Amino acid sequence: MTHRTEARTTPRDPADAAVLRRDRFGSLPERIRPEDTVETRPATAPDPARDTYNPDEWLIRYCG
């Protein structure tokens with residue numbers, strides 16, 4: 001199934017075809033910078049209780 005946004009008419013004059021082709025394909029699209037194509041954000045919210053580090057925890061676990 002195809003979807004066409006405009007009626008398809010074939011110009012009979014080759015000059016008309018060239019004009020239509022130039023209107024449609026005559027210029028490149030606006031350039032997009034690579035920095036604008038990437039979004040960075042954390043996958044999950046950080047949990048401060050989980051990420052705390054206790055340097056003496058090994059003493060409590062193994063020697064206590």
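**Close-up views of a predicted model**

Two salt bridges are present in the structure, a salt bridge being a side-chain nitrogen of Lys or Arg within 4 Å of a carboxyl oxygen of Asp or Glu. This is a predicted model, in which local features need pLDDT of at least 70 and side-chain atom pairs count only at pLDDT 80 or more, while totals for chains, interfaces and linings use all residues. Residues are numbered from 1 along each chain as its sequence is written, and side-chain values use heavy atoms, with hydrogens and water left out.

**View 1. The whole protein, to get your bearings.** The fold has two helices and zero strands; these are DSSP runs numbered from the N terminus (helices H or I, at least four residues; strands E, at least two). Of the 64 residues, 0% are buried, where buried means under 20% relative accessible area, exposed over 50% and partly exposed in between (1.4 Å probe, protein chains only). The accessible surface is about 7,400 Å², and carbon and sulfur atoms account for 53% of that. Areas here come from the Shrake-Rupley method with a 1.4 Å probe; for residues, only the protein chains shown count as cover.

**View 2. Arg 33 paired with Asp 36.** In this salt bridge the closest N and O atoms are 3.1 Å apart. Arg 33 is partly exposed, at 49% relative accessibility.

**View 3. Arg 41 paired with Glu 39.** Here the closest N and O atoms lie 3.4 Å apart. Arg 41 is exposed at 66% relative accessible area, and Glu 39 is exposed too, at 62%.

**View 4. A nonpolar surface patch with Trp 58.** Trp 58 joins Leu 59, Ile 60 and Tyr 62 in this patch, and together they offer about 510 Å² of accessible area. Patches take residues with over 30% relative accessible area and no salt bridge, joining like charges within 9 Å and nonpolar side chains (Val, Leu, Ile, Met, Phe, Trp, Tyr) within 5 Å. Trp 58 sits in helix 2 (residues 57–63) and is partly exposed, at 49%.
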